[in-house]
Amino acid sequence: FSKQALYCYSKAYSLDPTNVDALWDRAILAKEIGQINTARTALCAILKQIPHDLNVLEELRPILIEGNKIDVCASLHQDAFEHHQELYSTGVGIDPGTGQEILGGGFGLMHTFVLADSYNSIKKYHDAYYWDACEDDREFDIVGSAVIRSGTVAPGMYKLDINARHRLAVARIKMGDIEEGRDVREFAPLFSETADAYYDKRMYTAAATIYEELGQDPTTSSMYVLERAAACRRMSGDLENSAAIYEQGSNDDAKRGLAEVYEILGETRKALNLVNQVIDARGRRGTRHGKPGKVASHPHVQGASLFEETPSSRSTKGYRSSKSSRPVARELEVEKEKGVLKGYRRVTDLTPEMKTGNEVVVKEWLLEAEKLIENFRETRRLFLSTRSLGFQGMFKTKRNTEENEDNMASRLQIETDRGKGTGSKKSGNLVDVFRGVSFDDWLQLTIEYSFLLIRRDQHGLADEVLRHMLFSNAYQNQRAQDTLRLALIACAIHARDYRAVVEHGRKVIFTYQFNNEPIRILLAALASGHHQLDAFVASAFQKAMLREVRFSDLASSHPEQIKWNSLKCRFFNSAATSKSEYDEEGEGEDDTSADPGQIQVDAPSLPEKPTPFSCTSYQSAICYLLQAYGNCPEDPAVCISLAIASLSRAMQRQADNRHHIIAQSLAFMSQYRKIGAPDPDGAQEVEYNFGRLFHQIGLFSHAARHYEKALEIAEKRGGGIPKGGGVEKEAAYNLSVIYVTTGASALARNLYRRWLSI
């Protein structure tokens, strides 16, 4: 009853506009159930009555940030800052709750950080710092700083929290005042550690910003920083800038990374040239230093020394080196591969008999398949955080790196000889086999295993296995992702978990922008039913679908406003602002966020005409259905859809021209009857739908007449004997409801005996 409670709180506030408690409870409840706009409106109304209240700002801040209202957040915190600065000019206030002194009267460092971050986010960098005596930041100079200041105002040497200093540096750098942003040099380890943390969490865009700031200063730049910055740009899909950063490096790692980027971009000759340079440098090192891994021999130094200059064998006594453990790991891997191949052969032999339904064979097949799949799922190399790199083998050693370089050179040479002008869109040297079984066979085995589990009512385990496979770096290509999503949809249909059907169908829909086929797949998967309808009309899904419909219309009518975002692999509206109506109604789950592991895809073609699908409200549906009617005026499905949408709109309280809308609905129903199917089934359907329309608006006499005609058609079709196959049972039931409502119980009993009895 959450929505009913929200309505009651709203009425309480309208009756008493000073009732802050009702507003507060409404805001908290709306926030809990995900109605962000309602929560924001209620909290802003409280601020109008209690300006600058910090508790309200604490609740409002995350809502504004989530809704991309950063400018509003900055304005509210700026007003609160000025209010507390004026009210507590000494910097100290009294806490009304405890009676103790508190700094800033409660407006503390965290509120200041929020204000600074907000200004930095909306690019108002000048407002992110406050000292009017000088244009620079000499008041916060560190004691012993080598920076020379000019002018009469001496440096203040005031202490500044490290987090505040960080934000000050970012604001200065963003303004182009690199000298004042020297904190990057003085606190380079902090910035580097922060960037590494972002990188480890796969937040590549945030990490790239810091790495590039470090790379712009000669005192903080290094090959490590440049390579990380280039890697971040590459993982974010910004291949051109990634290549530009890699080009600044001269070591083998930079050349190797640049070669991989060139290969993805289709610059095959450039990539081959760089790989050959790396291989040549490796050969020169081997010639100069002898066999890799051995210490170079220098007889003249050896003779001049009083001690043995070779490494002591005792220095590693009692310890096992990583190199010595590699043969053991490889031997274990060989044994595991033998076991997998043996189990897979057994599963393959049992498959024909398993498909016949032999219960004994099915149990054995499930047991063997479970062992294989758990073997796959327990392998960490198949589930790395950097999923977009794909599976590159079980061992990552120097030898593997050299082998990869040789393989890459061979592949590039073949592509160059063939005269390929574009790259193959590969990322590194991927391996398509795991322990002797191809990944396609692993995928087929997993899906067959999950379907068998579903048939044995083990939906939870099947769903867990398939969802886990979605995260494997072996299956990050779009074909595998689609296959797994469709398998999950099939399992959810069997288990009647229609919310899961919508969840996975939604992922497929938003993957293929401007493509209507995934929507048709979802509609077919849901079919009909109350539970299916509840899942389909969920608020978050309907709002997301409305965004897609509107954006598709924009793309077809104003393609010049559409830009491709290679990071999110989607088109976006370049003219959209944070205050647009498009964003206002787009609250809910975000399907357009970039997945750090997703594969970069090519941009789809822009639509040339509006999409026929519509959603979310009857009024919006009528708008889009009228467009469909203009294109297909003789389509009975479009006509009856318009009639239903118009009638449903007329039943809403907001409809101010209800009779006109009902007349419009009847007009489309008449058109539907005119072009309906001429066969008896089609005529029966038409009569039933007319009866249903009159039944809904309360014209029972008209409704009963059409229901009776539908039953007469059924009798003629069955030769006077009731038979199924049409809508006679629905018509009989609805007609019996009318009879009972109007007091004709005897007529209702006759209908029960003739049409509704088993």
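## A tour by selection

Begin by selecting F694, a buried residue whose relative accessible area is 10%. The model on screen is a predicted one, and the values quoted along the way are computed from it. Keep F694 highlighted, since the tour returns to this residue after a look at another ring pair.

**Ring pairs.** The structure holds twelve aromatic pairs. Select Y629 and F668, whose ring centres lie 5.4 Å apart with planes at 80 degrees; planes over 60 degrees apart count as edge-to-face, so this pair is edge-to-face. Colouring the helices shows that the pair links distant parts of the chain, with Y629 in helix α27 (residues 618-631) and F668 in helix α29 (residues 658-675), 39 residues apart. The two partners can also be viewed by accessibility: Y629 is partly exposed at 23%, whereas F668 is buried, with a relative accessible area of 11%.

Now go back to F694 and add F690, which forms a tilted aromatic pair with F694, at 6.4 Å from centre to centre and 35 degrees between the planes. Both residues belong to helix α30 (residues 680-696), where they are four residues apart, about one turn of the helix. F690 is buried, at a relative accessible area of 4%, and F694, as noted at the start, is buried as well, at 10%.

**A ring cluster and a buried threonine.** Next, select F376, F383, F434, F439, W442 and Y475, which ring pairs link into a cluster. From W442, move to T446, whose side chain reaches the backbone oxygen of W442 at 2.8 Å. T446 lies in helix α19 (residues 439-455). Is T446 buried or exposed? Its relative accessible area is 1%, and because buried means under 20%, T446 counts as buried. To see what surrounds T446 beyond its neighbours within four places in sequence, display I373, V465, L466 and M469, with which T446 is in contact.

**A surface patch.** Finally, switch to a surface representation and select Y733, V737, V740, Y752 and L756, which form a nonpolar patch on the surface with about 410 Å² of accessible area together. Which helix supplies the largest share of this patch? Helix α32 (residues 728-741) does, with three residues. Y752, another member of the patch, lies instead in helix α33 (residues 745-755), and with a relative accessible area of 34% Y752 is partly exposed.

Technical notes: Residues numbered from 1 in each chain as written. Predicted model: local features only at pLDDT ≥ 70, side-chain atom pairs only at ≥ 80, totals over all residues. Heavy atoms only, no water. Patch = residues over 30% accessible without salt bridge, like charges linked within 9 Å, V, L, I, M, F, W, Y side chains within 5 Å. Areas by Shrake-Rupley, 256 points an atom, 1.4 Å probe, with all protein chains shown as cover. Salt bridge = Lys/Arg side-chain N within 4 Å of Asp/Glu carboxyl O. Helix = DSSP H or I, 4+ residues; strand = E, 2+ residues; numbered from the N terminus. Buried < 20%, exposed > 50% of the residue type's maximum accessible area, 1.4 Å probe, protein only. Polar contact = N/O pair within 3.5 Å; in protein donor to acceptor, adjacent residues only side chain to side chain. Contact = heavy atoms within 4.5 Å. Phe/Tyr/Trp six-rings, centres within 6.5 Å; stacked < 30°, edge-to-face > 60°.
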